[in-house]
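User: I'd like to learn how to read a few features off a model. Can we go through them one by one?

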Amino acid sequence: MELIRNFCIIAHIDHGKSTLADRLLDFTGTIDQREKKDQLLDDMDLERERGITIKSHAIQMEHEYENKNYILNLIDTPGHVDFSYEVSRSIAACEGALLVVDAAQSIQAQTISNLYLALDNDLEIIPVLNKIDLPSANVEEVTDDIIDLLGCEKDQILKVSAKTGEGVDKIISEIINRIPSPKGNVDLPLQALIFDSVFNPFRGIETYFKVINGKIKKGQTIKFMATGKSYVADEVGTLKLDKVSKNLILAGDVGYLITGIKNAKEVKVGDTIVEDGKIEVNAIEGFEDVKPMVFAGIYPIDTDDYEELRKSMEKLQLNDASLVFIPESSAALGFGFRCGFLGMLHLEIIQQRLEREFGMSVITTVPNVSYHAFNRKEPNKMILVNNPSDIPDPSILERVEEPYIKASIIT
């Protein structure tokens with residue numbers, strides 16, 4: 001375990017996280033020349049078209065440093081606020097974070113928001129000043145901004161250019177020297193945290209986990225604590241560019257698990273994997289529940305496709321745990337789902353993923369927020385109003401509450 005480092009890359013949108021991840025993969029020799037392409041970890045068509053990261057991506061690198069072979073588990077995270085739930089889940093699987101700041105644009109909203117997420121989880125923060133090769137780079141001023149924000153020393157800030165690869169070697173040595181190795185004990189009973197999952201049509205659900213204590217081996221019977229169901233670990237392994245199957249994964253490491261589960265409801269992100277039939281183990285404190293900001297109805301164009309749409313949304317929810325949906329019906333559109341999203345971009349991406357990945361043609365209603373109504377007869381009973389037609393009759397209405405936010409505006 002002393003030779004394992006788990007870290008993620010966090011930053012505001014477009015500050016160069018995915019490019020920096022590419023350089024780290026190049027530097028450690030994780031990918032060869034044939035596999036090389038820009039933003040290698042952004043493997044979804046939508047990500048490549050829009051030039052944004054939508055999903056966090058985990059990949060394992062190996063690097064020899066001072067005659068020791070280190071295992072570096074990297075998670076590249078999205079920068080857009082609509083995918084901040086991905087970031088919070090990635091952070092739960094790490095002990096350190098690279099905080100990337102663009103030397104031309106300085107510190108921005110998501111830089112601070114993601115930094116607070118990392119600090120709440122006691123992560124070791126390594127500040128990285130990126131894009132120093134740009135003519136508009138303002139290195140001295142942005143360095144002072146980072147010192148104000150983090151209270152770090154000037155020589156702790158790494159100056160790099162992810163585009164040219166300058167300074168990347170320093171990042172690797174800082175990761176090894178400054179980020180602590182995972183805390184955990186191989187001899188304790190198995191305890192592993194699920195931080196992501198994806199649906200594979202041929203093999204069932206692939207679950208991505210980090211082993212906190214104990215070990216997980218191929219063929220053993222394991223149990224998911226949230227559902228209480230037991231399964232056999234058909235395959236376990238580590239996440240290189242392709243999956244590499246192993247016989248055993250020990251505490252501190254990150255890997256994937258295939259059990260042949262076909263039903264999306266049986267896997268929950270933030271759940272704990274334990275050994276079946278062993279002494280009771282406590283569930284790991286997972287993630288806070290997601291709070292949707294924008295609500296919209298999603299209905300199939302053809303009403304016969306309702307069940308198919310439900311299955312598609314369950315599979316999509318596996319891969320994007322911030323999607324929340326409940327069935328609803330509308331007089332005009334028939335049966336569909338009321339869905340909660342983290343923002344307008346999130347809504348748009350979900351709609352496009354349903355069309356591309358599952359071939360579903362859907363109608364999306366105008367996005368809105370939920371109101372809380374109270375009537376005079378039962379002043380303590382809250383009525384959730386998702387649709388203007390659901391508001392109680394004004395003659396018996398006591399009051400209506402609408403959501404508001406507490407915001408920090410950085411100019």
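Analyst: Sure, let's start with a side-chain pair: Q60 and N73 are joined through their side chains by a polar contact of 3.0 Å. A polar contact is a pair of N or O atoms within 3.5 Å; within protein, one must be able to donate a hydrogen and the other to accept it, and residues adjacent in sequence count only if both atoms are side-chain atoms. Keep in mind that this is a predicted model, where local features need pLDDT of at least 70, side-chain atom pairs count only at pLDDT 80 or more, and totals for chains, interfaces and linings use all residues. Residues are numbered from 1 along each chain as its sequence is written, and side-chain values use heavy atoms, with hydrogens and water left out.

User: Is Q60 buried or exposed?

Analyst: Buried means under 20% relative accessible area, exposed over 50%, partly exposed in between (1.4 Å probe, protein chains only). Q60 has a relative accessible area of 1%, so Q60 is buried. Q60 sits in strand β2, and its contacts (heavy atoms within 4.5 Å) include T30, I71, T238 and D253, leaving aside residues up to four places away in sequence.

User: In what order do the strands of the sheet come?

Analyst: Strands of a sheet pair through backbone hydrogen bonds, either parallel or antiparallel. Helices (H or I, at least four residues) and strands (E, at least two) are DSSP runs, numbered from the N terminus, and two strands pair if DSSP finds at least two bridges between them. Here six strands make an open sheet, β2-β3-β1-β4-β5-β6, with mixed pairing. At the edges are β2 (57-65) and β6 (158-159), each pairing on one side only. Strands β1 (residues 4-11) and β4 (residues 96-102) run parallel, joined by five bridges; I10 has L99 as its bridge partner in β4.

User: How do α1 and α6 pack?

Analyst: Axes are lines fitted to C-alpha atoms, for helices over the stretch in contact, and angles run from 0 to 180 degrees between N-to-C directions. Helix α1 (residues 17-27) packs on helix α6 (residues 168-178) at about 80 degrees, axes 10 Å apart. That makes α1 and α6 roughly perpendicular (65 to 115 degrees). L20, R23, L24 and F27 of α1 meet V168, D169, I171 and I172 of α6.

User: And where does α6 lie relative to the sheet?

Analyst: α6 lies across β1, β2, β3 (68-76), β4, β5 and β6, at about 170 degrees to β5.

Definitions and conventions: Angles under 35 degrees count as roughly parallel, over 145 as roughly antiparallel, 65 to 115 as roughly perpendicular and the rest as oblique.
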